[in-house]
Amino acid sequence: KGDTLSISSMERYESRVARAFAPIINVIDPDFIVLGRGMSNVTRLYANIPAQWSDLAFSDRVKTQLRPPRFGNSNGVRGAACLWPEGIAL
């Protein structure tokens, strides 16, 4: 809070993520994009990144939403558990 170096780093990160997602939005036009891992807990990203990618997309209106993972940071563990073969005990 108030740390200018941290704020500028976050702004740079948001700009880069928005520029990375803009071509995906232009080509695929997804309904939503889900952030994963620890950065999904940073709430400011869900407003700041879409605000920037709207200016970068080749459309006058972007419907793509940026969303947090439904099950929080445990998505990777949940996916690994789904791949575990039945009948194999630890």
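## Glu14, a charged residue in the interior

Glu14 lies in helix H1. This is a predicted model, and Glu14 makes a good place to start reading it. Because its relative accessible area is 2%, under the 20% limit, Glu14 counts as buried.

What does Glu14 touch, leaving aside its neighbours within four places in sequence? The residues in contact with Glu14 are Arg44, Leu45, Asn48, Ile49 and Gln52. With Asn48 there is a polar contact between the two side chains, at 3.1 Å.

## The salt bridge

Side chains of opposite charge can pair when their charged atoms come close. The count of salt bridges here comes to one. It joins the side chains of Arg44 and Glu14, with 2.5 Å from N to O. Arg44 sits in the loop between E1 and H2 while Glu14 belongs to helix H1, so this pair ties together parts that are 30 residues apart in sequence.

Are the two partners buried or exposed? Arg44 is partly exposed, at 31% relative accessibility, whereas Glu14, at 2%, is buried.

## Helix H1 from end to end

Helix H1 covers residues 4-28, and its 25 residues should span 36 Å at 1.5 Å a residue; the C-alpha atoms at its ends are 36 Å apart, which agrees. At the N-terminal end, Asp3 acts as a cap: one of its side-chain oxygens lies 3.2 Å from the backbone nitrogen of Leu5. At the other end, H1 is followed by Asp29. Asp29 has a phi near 55°, a positive value in a residue other than glycine. Its place is in the loop between H1 and E1, and with a relative accessible area of 51% Asp29 is exposed.

Which residues of H1 are buried? They are Met10, Glu14, Val17, Ala18, Phe21, Ala22 and Ile25. These buried residues pack against E1, H2 and strand E2, the last of which runs over residues 65-67.

## The nonpolar core

The largest nonpolar core contains 13 residues, and those with the most contacts inside it are Phe21, Ile33, Leu35, Ile49, Trp53 and Leu66. H1 and H2 are the elements that give two or more residues to this core. H1 supplies the largest share, five residues.

Leu35 gives a good view of the surroundings. Not counting residues up to four places away in sequence, Leu35 touches Phe21, Ser40, Leu45, Tyr46, Leu66, Arg67, Pro68 and Pro69.

## An aromatic pair between two helices

A pair of aromatic rings is described by the distance of the centres and the angle of the planes. The count of aromatic pairs in this model comes to one. Its rings belong to Phe21 and Trp53; their centres are 6.0 Å apart and their planes are at 75°, which is over 60, so the pair is edge-to-face. Because Phe21 lies in helix H1 and Trp53 in helix H2, the pair ties together parts that are 32 residues apart in sequence. Both Phe21 and Trp53 are buried.

## The loop after strand E1

Where does Ser40 sit? Ser40 is in the loop between strand E1 (32-34) and helix H2 (45-56). At 7% relative accessibility, Ser40 counts as buried. Leaving aside neighbours within four places in sequence, Ser40 is in contact with Leu35, Tyr46, Pro68, Pro69 and Asn73.

The side chain of Ser40 also reaches the backbone oxygen of Arg37, at 2.7 Å. Arg37 has its place in the loop between E1 and H2. Arg37 is a residue other than glycine with a positive phi, near 65°. At 69% relative accessibility, Arg37 counts as exposed, whereas Ser40, its partner in that 2.7 Å contact, is buried at 7%.

## Arg67 beside strand E1

Arg67 lies in strand E2. How far apart are Arg67 and Val34 in sequence and in space? They are 33 residues apart in sequence, and their C-alpha atoms are 4.8 Å apart.

Arg67 touches Phe32, Ile33, Val34, Leu35 and Tyr46, not counting residues up to four places away in sequence. With a relative accessible area of 34%, Arg67 is partly exposed.

Key
Residues are numbered from 1 along each chain as its sequence is written. This is a predicted model: local features need pLDDT of at least 70, side-chain atom pairs count only at pLDDT 80 or more; totals for chains, interfaces and linings use all residues. Side-chain values use heavy atoms; hydrogens and water are left out. Helices (H or I, at least four residues) and strands (E, at least two) are DSSP runs, numbered from the N terminus. Buried means under 20% relative accessible area, exposed over 50%, partly exposed in between (1.4 Å probe, protein chains only). A polar contact is a pair of N or O atoms within 3.5 Å; within protein, one must be able to donate a hydrogen and the other to accept it, and residues adjacent in sequence count only if both atoms are side-chain atoms. Contact means heavy atoms within 4.5 Å. The expected span of a helix is 1.5 Å times one less than its number of residues. A nonpolar core is a set of buried Ala, Val, Leu, Ile, Met, Phe, Trp, Tyr and Cys residues joined through side-chain atoms within 4.5 Å. A salt bridge is a side-chain nitrogen of Lys or Arg within 4 Å of a carboxyl oxygen of Asp or Glu. Rings of Phe, Tyr and Trp (its six-membered ring) pair if their centres lie within 6.5 Å; planes under 30 degrees apart count as stacked, over 60 as edge-to-face and the rest as tilted.
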